[in-house]
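Got the model open in your viewer? Here is a short tour, stop by stop, with something to select at each one.

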Amino acid sequence: MYFPSYRMRRLRQTEQIRNLVHETDLLPDRLVYPMFVTHGENKRAEIQSMPGCYQQSISHLVEEAKEVRDLGIPAVLLFGIPAEKDDIGSGAYDEEGIIQMAVSALKEAVPELLVITDVCLCEYTSHGHCGIVRDGDVDNDLTLEMLAKMALSHAESGADIVAPSDMMDGRVAAIRSALDAEGLINTPIMSYAAKFASAFYGPFREAAESSPEFGDRRSYQMDYRNSDEAVREVLLDIEEGADMVMVKPALPYLDVIFRVKQETKFPLAAYNVSGEYAMIKAAAAAGWLDEKHAVLEAMTAMRRAGADVIITYHAKDVASWLGR
Ligand code: PBG
């Protein structure tokens, strides 16, 4: 059947009819809000390239986390900025490190909010790389030990989910066995499985003070020309025991999100990264885009591509626009 018997516009006539047949839902239940916690007292500084996002000390973090919960957002993803950095990132697994303290404060004040922690050394190393550097490059196997210690200390502080973002080979298995050995068999691992070496992380590196001092991350993060490899990365992490997987960034990689979902059927998160956020914020501030509509369209596109979960700096706005 075709025109004039068939008219696609029949089901687009009114809001009610469009709502009745819409295919993709966007609900606050699917959102994760990333937050940056810094050492010290009573600090709260807006991140210049990420308007509306803050580097803040623990008491302010807790206050904002309550707001996040009240908006119906189920989870936050935490990044820490330690007071001191060194070659081996020892602040990352310090029992009294910034994340460890922040997690316990959050779990005490807002216990129903899921706390996911980013597991990666780049915020803790003086050179800004995601692992231990040897002979000018990140040493994979040495780094695994550190990551396992880090994930374990997060889980012991009360983190609900640990999320390794370093892109070392074998880290999911290393973390799983470290957690299991300590009886933390029920702590899920959300792995940044297909994480690309991307220019879109620029604003985050200002926020997390984690730019590499020399070189770049292309010897461990993925080459953006590849999507077969993304599927292999994801399948390897699943074999190693990942409970959820992630594609990152999101908008320039919707094809990868789609493929990963189709080929694995695993719980999948899309990370709508700092540069994606900054682009919309900047265009909206200049009056060039309708922020609300642009953001809702972008979020829905990630869901339509196959993402179950969306990690986004827009989460608070999205949840308030969607209402409860
Ligand atoms: C840490 C990490 C990064 C991001 C999340 N975890 C930065 C990087 O790999 O350089 C980026 C997040 C964002 O841009 O929003 N390795």
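Start by selecting glutamate 209, in the loop between α6 and α7. This is a predicted model, so treat each stop as a look at a prediction. Show the backbone here: phi of glutamate 209 is near 50 degrees, a positive value in a residue that isn't glycine. Most residues other than glycine have a negative phi. With a relative accessible area of 43%, glutamate 209 counts as partly exposed.

For another case of this kind, jump to asparagine 42, in the loop between β1 (31-38) and β2 (44-47). Its phi is positive too, about 50 degrees, although asparagine 42 is not a glycine. Is asparagine 42 buried or exposed? Its relative accessibility is 61%, and anything over 50% counts as exposed, so asparagine 42 is exposed.

**Two cis bonds**

Stay with the backbone and go to proline 4, in the segment before α1 (15-21). The peptide bond leading into it from phenylalanine 3 is cis, with omega near 10 degrees. Next, pick proline 249 in the loop between β10 (244-248) and α8. Here the bond from lysine 248 to proline 249 is cis, and omega is near -10 degrees. Most peptide bonds are trans.

**Helices α7 and α8**

From proline 249, move on to the helices. Colour α7 (residues 228-240) and α8 (residues 254-264): they pack with their axes 10 Å apart, at an angle of about 45 degrees. That angle makes α7 oblique to α8. Turn the view to look through one helix at the other, and you'll be looking at a right-handed crossing.

Now show side chains. Which residues meet between α7 and α8? On the α7 side, select Asp228, Ala230, Val231, Val234, Leu235 and Ile238; on the α8 side, select Val256, Arg259, Val260, Glu263 and Thr264. Sorted by type, this contact has seven nonpolar residues, one polar and three charged. While you're looking at those picks, recall that an α-helix has 3.6 residues a turn, so residues three or four places apart point the same way.

**Helices α3 and α4**

For a second helix pair, select α3 (residues 98-109) and α4 (residues 140-157), whose axes come within 8 Å and cross at roughly 25 degrees. An angle under 35 degrees counts as roughly parallel, so that is how α3 and α4 run relative to each other. The crossing of α3 and α4 is right-handed. To see the contact, show Ile99, Gln100, Val103 and Ser104 from α3, plus Ser153, His154 and Ser157 from α4. How do the residues of this contact divide by type? Two are nonpolar, five are polar and none is charged.

**Around α3**

Walk back to the loop between β4 (75-81) and α3 and click on aspartate 86. At 27% relative accessibility, aspartate 86 counts as partly exposed. Setting aside residues up to four places away in sequence, aspartate 86 touches Tyr124, Thr125 and Ser126. Want to try the distance tool? Aspartate 86 and leucine 236 sit 150 residues apart in sequence and 31 Å apart in space, C-alpha to C-alpha.

Then select leucine 114 in strand β5 (residues 114-119). Leucine 114 is partly exposed, with a relative accessible area of 35%. What does leucine 114 contact, leaving aside its neighbours within four places in sequence? Highlight Pro74, Ala75, Val76, Lys107 and Asp160. Use the distance tool once more: leucine 114 and glycine 158 are 44 residues apart in sequence, with their C-alpha atoms 9.9 Å apart in space.

**Last stop: α9**

Finish on α9 (residues 274-285), with its 12 residues. From first C-alpha to last, α9 reaches 16 Å, close to the 16 Å expected at 1.5 Å a residue. Nine of the 12 residues are buried, so α9 is largely enclosed by the rest of the structure. Colour the buried ones: Ser274, Gly275, Glu276, Tyr277, Ala278, Ile280, Lys281, Ala283 and Ala284. Then bring in what they pack against: β3 (50-56), α6 (202-208), β11 (268-272), α10 (291-305) and α11 (315-322). Before you close the viewer, step just past α9 to glycine 287, which takes a positive phi of about 80 degrees.

Definitions and conventions: Residues numbered from 1 in each chain as written. Predicted model: local features only at pLDDT ≥ 70, side-chain atom pairs only at ≥ 80, totals over all residues. Heavy atoms only, no water. Axes fitted to C-alpha atoms, helices over the stretch in contact; angles between N-to-C directions. Helix = DSSP H or I, 4+ residues; strand = E, 2+ residues; numbered from the N terminus. Parallel < 35°, antiparallel > 145°, perpendicular 65-115°, else oblique. Left-handed = near helix turned anticlockwise from the far one by under 90°. Contact = heavy atoms within 4.5 Å. Nonpolar A, V, L, I, M, F, W, Y, C, P; charged D, E, K, R; others polar. Expected span 1.5 Å × (residues − 1). Buried < 20%, exposed > 50% of the residue type's maximum accessible area, 1.4 Å probe, protein only.
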